[in-house]
Amino acid sequence: MTQQSAGSSRDTDSVVATDSILDGPLVPQGPAARELHLSERTLECWRATGYGPPFVKIGRRVLYQKSALETWITKQIRRSTSDTGAAA
């Protein structure tokens, strides 16, 4: 019985870790793309051209700071289709 409850605890911990990935300071490319409603390929192309949200590269992994994603989204707000976002 003790082994079962310990197993249940581990199962719960892994679910919590998986569910809370967007709550952490760094978000992998896949969840970041889903958060932005974009494909991962779009983020890859944007990184190559210097567009899109700033990212962190650790080894081969590309990560995004959640706060940077939120800031970038806020900077994309426009009032009309002709609004370039430049200060008036």
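Trainee: Which residues of H2 are buried in this model?

Mentor: Happy to start there, and bear in mind that the model is predicted. Buried here means under 20% relative accessible area. In H2, the residues that meet this are Gln29, Gly30, Pro31, Ala32, Ala33 and Leu36.

Trainee: Why is H2 largely enclosed by the rest of the structure?

Mentor: Good one to ask next. H2 has eight residues, so the tally of buried ones settles the matter. The helix is largely enclosed because the buried residues number six of the eight.

Trainee: What do the buried residues of H2 pack against?

Mentor: Their partners include both strands and helices. The strands are S1 and S3. The helices are H3 (40–49) and H4 (66–75).

Trainee: In what order do the three strands of the open sheet lie?

Mentor: Let's work from the edges. Strand S1 (26–28) and strand S2 (56–58) each pair on one side only, which makes them the edge strands. The pairing is antiparallel, and the order is S1-S3-S2.

Trainee: What angle does the direction of H2 make with that of S1?

Mentor: Helix H2 (residues 29–36) packs on the sheet, where it touches S1 and S3. The twist within the sheet averages 40° from one strand to the next. Between the directions of H2 and S1, the angle is about 90°.

Trainee: Which residue in S3 is the bridge partner of lysine 57?

Mentor: Look at S2 and strand S3 (residues 61–65), which run antiparallel and are joined by three bridges. For lysine 57, the bridge partner in S3 is valine 62.

Notes: Residues are numbered from 1 along each chain as its sequence is written. This is a predicted model: local features need pLDDT of at least 70, side-chain atom pairs count only at pLDDT 80 or more; totals for chains, interfaces and linings use all residues. Side-chain values use heavy atoms; hydrogens and water are left out. Two strands pair if DSSP finds at least two bridges between them. Helices (H or I, at least four residues) and strands (E, at least two) are DSSP runs, numbered from the N terminus. Axes are lines fitted to C-alpha atoms, for helices over the stretch in contact, and angles run from 0 to 180 degrees between N-to-C directions. Contact means heavy atoms within 4.5 Å. Buried means under 20% relative accessible area, exposed over 50%, partly exposed in between (1.4 Å probe, protein chains only).
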